[in-house]
Amino acid sequence: MNPRILAVTTGRILRQLRHDRRTVALLVVVPTALLTLVHFMYVDRPTPPGQPSFFDRVALVMLGFFPFIIMFLVTSIAMLRERTTGTLERLLTTPLGKLDLLFGYGIAFGLAGAAQAAIASTAAYGLFDLETAGSAWLVVLIAAVSAVLAVALGLLCSAFARTEFQAVQFMPVVVLPQLLLCGLFVPRGEMAGWLQAVSDVLPLSYAVEALQEVGAHAEPTGTMWRDVAIVAGAAVMALVLAAATLRRRSG
Amino acid sequence: MQDAITIRDLVVDRGRRRVLHGISCAVPRGSVTGLLGPSGSGKTTLMRAVVGVQVIGGGSVTVLGQPAGAAPLRRRVGYLTQAPSVYADLTVRENARYFAALHGRRATDADRAVAEVGLGGAATQLVGTLSGGQRSRASLACALVGEPELIVLDEPTVGQDPVLRADLWARFHALAATGTTLLVSSHVMDEAARCDRLLLIRQGRLVADDTPDGVRARTGVDDLEEAFLRLIRTSEARGGRTDAREQ
């Protein structure tokens with residue numbers, strides 16, 4: 001990896017995003033619009049005594065979902081475009097290293113995901129009175145790490161897609177099971193043993209657990225840091241696997 | 001003088017089809033060498049082998065003294081793919097500056113490369129809004145910007161107007177005069193006369209490796225298109241039975 005090439009590649013990806021104003025607008029507006037929906041869904045529900053309100057429970061986890069889902073899709077398509085328009089082949093004939101490109105995507109879309117999470121969190125705390133025992137900054141941090149994980153998975157999956165149609169179908173394959181089994185719908189402890197085992201190997205489960213730790217504890221807990229480390233480790237592992245799928249020579 | 005590219009018995013299969021059937025040739029340094037042949041003759045595959053992105057089935061390709069695709073060559077070789085491979089959602093200038101930065105060049109080098117392909121006036125336009133010809137020139141600027149020692153250009157002049165085409169060829173010769181080696185493919189025979197040397201390939205086999213004058217002298221005709229036609233006929237008559245059967 002070359003720090004200068006990594007930096008210019010990250011800058012290039014962010015510049016591409018900046019030129020696409022509609023995508024930027026969607027990144028900013030959609031999470032807040034969906035949080036509004038969730039707010040009104042639960043607004044009349046009585047809160048069971050001694051428990052967080054439904055909105056607090058759901059919105060907190062959703063703050064991690066948004067960047068995870070969106071950055072997975074954005075990355076899969078962006079990387080597929082690099083492959084189909086020939087820019088990838090050209091890049092691989094330049095001094096750019098594979099990891100410069102992959103980490104460039106990780107940093108650029110990780111930042112975009114962090115910005116998205118920050119805006120959505122501002123709306124959640126400011127407009128809808130989301131309450132968490134811990135700091136909002138930790139929520140944004142965890143969401144940003146989930147975004148990096150999504151970018152890494154998107155880069156890896158794009159290697160197995162030849163068309164945009166195939167690429168978007170990896171979303172339900174890779175993302176939905178992680179959403180279903182992350183512990184939001186059914187607490188992980190109440191799942192059947194084999195489902196729990198599956199949930200244990202899905203990295204998003206740890207991001208959700210980390211968010212729930214922030215929700216319940218005023219100070220960052222050891223479990224939270226461990227979970228963040230697991231998510232970050234899974235992201236690095238996916239990036240390295242993605243590097244293995246990038247071949248300079250093809251048939 | 002050492003050759004910039006030496007190819008020995010190069011065999012390439014794509015899928016189950018043999019695309020290159022044992023090609024041997026050399027490209028001298030500081031020259032403009034034309035790689036000519038009809039569409040589907042294997043020009044792009046040969047160029048991909050030279051820049052080291054093609055899996056090869058046999059033989060060897062040596063570029064600037066090293067095996068094609070060796071890591072140090074990535075700073076010394078520039079490649080223009082046939083389809084313009086630039087980012088449609090960046091401006092011409094941003095594209096050129098990115099590829100310049102990859103080669104450790106400055107922004108001013110990038111701006112000069114953009115001006116040299118005649119896109120100075122469109123530098124701040126998004127590539128996605130350019131015409132096909134402009135887009136391929138934007139792509140060309142990105143191949144030239146690193147000032148590589150060897151430049152491999154896959155059909156750089158397709159879709160350009162005649163004046164621009166003449167400008168680009170003048171530019172290629174100016175680069176060659178400074179010691180740069182250019183390998184330029186084309187399927188338009190009238191461009192052959194502009195090259196210092198010619199490689200003519202057809203159905204994955206080398207039909208001619210000569211200077212334009214050499215080709216004319218060997219065939220006894222002045223028009224290169226006619227000359228190539230005769231070379232192809234002679235090679236078929238001499239034992240290109242498989243070629244003849246495919247007609």
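Two residues count as in contact here if their C-beta atoms, placed from the backbone, lie within 7 Å. The legends below describe close-ups of a predicted model.

**View 1. A:L92, a loop residue that touches both chains.** Start with the loop between α4 (87-91) and α5 of chain A, which is where A:L92 sits. Leaving aside residues up to four places away in sequence, A:L92 touches A:R248 and B:V53. Is A:L92 buried or exposed? A residue needs 20 or more other C-beta atoms within 10 Å of its own to be buried; A:L92 has 22 such neighbours, so it counts as buried. Also worth a look is A:L246: its C-alpha lies 9.2 Å from that of A:L92, although 154 residues separate the two along the chain.

**View 2. Where chain B meets chain A.** On the chain B side, 23 residues are in contact with 21 residues of chain A. Two elements of chain B, β6 and α2 (92-102), each give two or more residues to that side. The largest share comes from α2(B), with four residues.

**View 3. The six-stranded open sheet of chain B.** Reading across the sheet, the strands go β6-β7-β8-β3-β9-β10, and the pairing is mixed. At the edges are β6 (77-80) and β10 (205-210) of chain B, each with pairing on one side only. From one strand to the next, the twist averages 15°. Zoom in on β9 (residues 197-202) and β10 of chain B and you'll find an antiparallel pair with five bridges. Within that pair, B:L199 stands opposite B:D209 of β10(B).

**View 4. Helices α1 and α6 of chain B, packed on that sheet.** Helix α1(B), residues 43-51, touches β3 (32-36), β6, β7 (150-154), β8 (181-186) and β9 of chain B. Its direction makes about 155° with that of β7(B). Helix α6(B), residues 212-219, touches β9 and β10 of chain B. Here the angle is about 105°, taken between the directions of α6(B) and β10(B).

**View 5. The β1-β2 hairpin of chain B and its neighbour β4.** Strands β1 (residues 3-14) and β2 (residues 17-28) of chain B run antiparallel and are joined by nine bridges. Two residues lie between them in the hairpin, and B:G15 in the turn has a positive phi of about 65°. B:R14 has B:R17 of β2(B) as its bridge partner. β1(B) also pairs with β4 (residues 58-63) of chain B, again antiparallel, through five bridges. In that pairing, B:I7 is matched with B:V61 of β4(B).

**View 6. Helices α1 and α5 crossing in chain A.** The axes of α1 (residues 3-19) and α5 (residues 98-126) of chain A come within 8 Å and cross at roughly 45°. That angle makes α1(A) oblique to α5(A). The crossing is right-handed. On the α1(A) side, the contact residues include A:I5, A:L6, A:T9 and A:I13; on the α5(A) side, they include A:L101, A:F103, A:Y105 and A:I107.

**View 7. The largest nonpolar core.** This core has 147 residues, and A:A152, B:V50 and B:A141 touch the most other members. Helix α6(A), residues 136-158, gives the most to the core, with 17 residues. Which residues surround A:A152? Beyond those up to four places away in sequence, A:A152 touches A:G106, A:A235, A:A238, A:L239 and A:A242.

Methods. Residues are numbered from 1 along each chain as its sequence is written. Chains are lettered from A and ligands numbered from 1 in the order in which they are written. This is a predicted model: local features need pLDDT of at least 70, side-chain atom pairs count only at pLDDT 80 or more; totals for chains, interfaces and linings use all residues. Two strands pair if DSSP finds at least two bridges between them. Axes are lines fitted to C-alpha atoms, for helices over the stretch in contact, and angles run from 0 to 180 degrees between N-to-C directions. A nonpolar core is a set of buried Ala, Val, Leu, Ile, Met, Phe, Trp, Tyr and Cys residues joined through C-beta atoms within 7 Å. A residue is buried if 20 or more other C-beta atoms lie within 10 Å of its own, exposed if 12 or fewer, and partly exposed in between; C-beta atoms are placed from the backbone. Angles under 35 degrees count as roughly parallel, over 145 as roughly antiparallel, 65 to 115 as roughly perpendicular and the rest as oblique. A crossing is left-handed if the near helix is turned anticlockwise from the far one by less than a right angle, and right-handed if clockwise.
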